[in-house]
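Here are some notes for a colleague who is coming to this structure for the first time. They are set out as numbered points, to be read alongside the sequence and the model.

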Amino acid sequence: MKTYEKYLEALKTFEDYVTVSEWAEKVALLYPSLLEKANKEADEQKNDTTGLREIAARIGSRVSTGGFDGYIKINDMERPRRVKYISKEELDENTTQEIEEDLEPLNRKEIEKKAEDKMVLKELYRLDEFRNIQKAFKTFFNLDFELDHAKALLNEDDAGEHHPDNFQLILKYHNGKKVNKNWERFTLDEQLNYIRKCFELHTLVANRFGVSIDENILNSLMERLKEVY
C-alpha cells in the first residue's frame with residue numbers, strides 16, 4: 001500500500017470532518033512505521049520539527065495541491081480547514097448536485113426575465129423600487145439584504161412566482177440557509193420589524209466597520225418599502 005493510500009485509510013476511520021492535524025495523528029496511530037520514518041527525517045532537519053508535524057505538513061500540502069481530489073471533501077469555511085473522506089457513490093452524487101447548483105442562476109434568470117416581460121408598468125416600478133431599496137441598505141449601512149422570493153422560484157414541489165407580491169428582504173445569511181424552501185411571506189409589519197431588529201444588532205458593531213447609522217435615511221427607506229410592499 002502506497003503512503004497516500006495509508007493516509008486515506010486513516011481518514012476513512014472518521015465519520016465527520018476533521019482537521020489535518022487530527023488526520024495526521026490517526027495516521028501515526030495506525031501506521032507507526034510512517035511516524036518512525038518521519039521522526040528520523042525530522043531529526044535530520046535544521047528547523048525544530050517532529051515526525052507528526054512532518055506527516056501533517058505532507059498531508060496538508062497534498063490537500064492544497066489537489067492530490068486527494070476525488071477522495072475527500074474540504075470545508076474551507078472554518079479555520080483550520082476540515083476534510084472528510086468521500087466514497088465514489090457520494091462523489092457522483094455531489095458532482096450531480098454541484099452541476100445542478102451551477103445551473104441554478106441561469107434557470108432563475110430565465111424565469112425572472114420571462115416574468116418581467118409580462119409585468120405591467122406598476123409591477124415593474126415595484127420591482128425596481130425593491131431592488132433600489134435593497135442596494136441602498138448596502139450602500140448606506142453596509143447591510144447585506146437580498147431580494148428573496150418567499151415561495152422559491154426553484155422549489156420542486158410548489159414553485160413561486162417572480163412577482164413583487166412574492167418579494168421580501170432578508171439578510172444574505174438567512175437567504176443562504178433558506179435556499180429553495182418555501183416560507184410564508186412576511187406581513188408588512190413583520191418585514192419592517194425584521195429590518196429594525198437587524199439594525200438593532202448592526203448598531204452594536206457599526207462603528208467598528210466605519211458605518212454611521214442615519215435614522216433619517218433608514219426611516220425614508222422604510223417608508224419607500226411600505227409603498228411597494
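1. N142 counts as partly exposed, because its relative accessibility is 35%, a value that falls between the limits of under 20% for buried and over 50% for exposed. Please keep in mind here, and in every point below, that the model is predicted. The backbone of N142 deserves a look as well, since this residue is not a glycine and yet has a positive phi of about 55°. Its place in the chain is the loop between α6 (121-141) and β4 (145-149).

2. A second residue invites the question of where it lies and what its phi is: V179. V179 is found in the loop between α7 (172-178) and α8 (188-202), and its phi is near 50°, which is again a positive value in a residue other than glycine. With a relative accessibility of 47%, V179 therefore counts as partly exposed.

3. Two further backbone details may be checked while going along the chain. The peptide bond that leads from R79 to P80 is cis, with omega near 0°, and P80 itself is placed in the loop between β2 and β3. Just after α4, a positive phi of about 85° is taken by G66.

4. The loop that holds P80 leads on to the strands on either side, for β2 and β3 form a hairpin with six residues between them. These two strands run antiparallel and are joined by four bridges; I72, for instance, has Y85 in β3 as its bridge partner.

5. How many strands form the open sheet, and in what order do they stand? There are three, in the order β1-β3-β2, and the pairing is antiparallel. The edge strands are β1 (18-19) and β2, each of which pairs on one side only. Between β1 and β3, which run antiparallel, there are two bridges, and V18 stands opposite V83 in β3. Helix α1 packs on this sheet, where it touches β1, β2 and β3, and the direction of α1 makes about 95° with that of β3.

6. Helix α4, which spans residues 51-64 and has 14 residues, reaches 20 Å from its first C-alpha to its last, and this is close to the 20 Å expected at 1.5 Å a residue. Its buried residues are G51, E54, I55, A56, I59, G60 and V63. As for what covers them, the list includes the helices α1 (3-12), α2 (20-30) and α3 (32-43), together with the strands β2 (72-75) and β3 (82-85).

7. The helices α2 and α3 also meet each other: their axes come within 5 Å and cross at roughly 110°. With that angle, α2 and α3 are therefore roughly perpendicular to each other. On the side of α2 the contact is made by V27, A28, L29 and L30, and on the side of α3 by P32, L34 and L35.

8. Further along the chain, α6 packs with helix α9 (residues 215-228) at an angle of about 160°, and the axes of the two helices are 10 Å apart. The pair α6 and α9 is therefore roughly antiparallel, as angles over 145 degrees are counted in this way. Their crossing is left-handed. In α6 the contact is made by Y125, R126, E129, F130, N132, I133, A136, F137, F140 and F141, which are met by I217, L218, L221, R224, L225 and V228 of α9.

9. What angle and what axis distance describe the packing of α8 and α9? The angle is about 160°, with the axes 11 Å apart, and α8 and α9 are therefore roughly antiparallel to each other. The crossing of α8 and α9 is right-handed, whereas that of α6 and α9 is left-handed. From α8, the residues L188, Q191, L192, I195, R196 and F199 meet E215, L218, N219, M222, L225 and K226 in α9.

Key:
Residues are numbered from 1 along each chain as its sequence is written. This is a predicted model: local features need pLDDT of at least 70, side-chain atom pairs count only at pLDDT 80 or more; totals for chains, interfaces and linings use all residues. Side-chain values use heavy atoms; hydrogens and water are left out. The expected span of a helix is 1.5 Å times one less than its number of residues. Buried means under 20% relative accessible area, exposed over 50%, partly exposed in between (1.4 Å probe, protein chains only). Contact means heavy atoms within 4.5 Å. Two strands pair if DSSP finds at least two bridges between them. Axes are lines fitted to C-alpha atoms, for helices over the stretch in contact, and angles run from 0 to 180 degrees between N-to-C directions. Angles under 35 degrees count as roughly parallel, over 145 as roughly antiparallel, 65 to 115 as roughly perpendicular and the rest as oblique. A crossing is left-handed if the near helix is turned anticlockwise from the far one by less than a right angle, and right-handed if clockwise.
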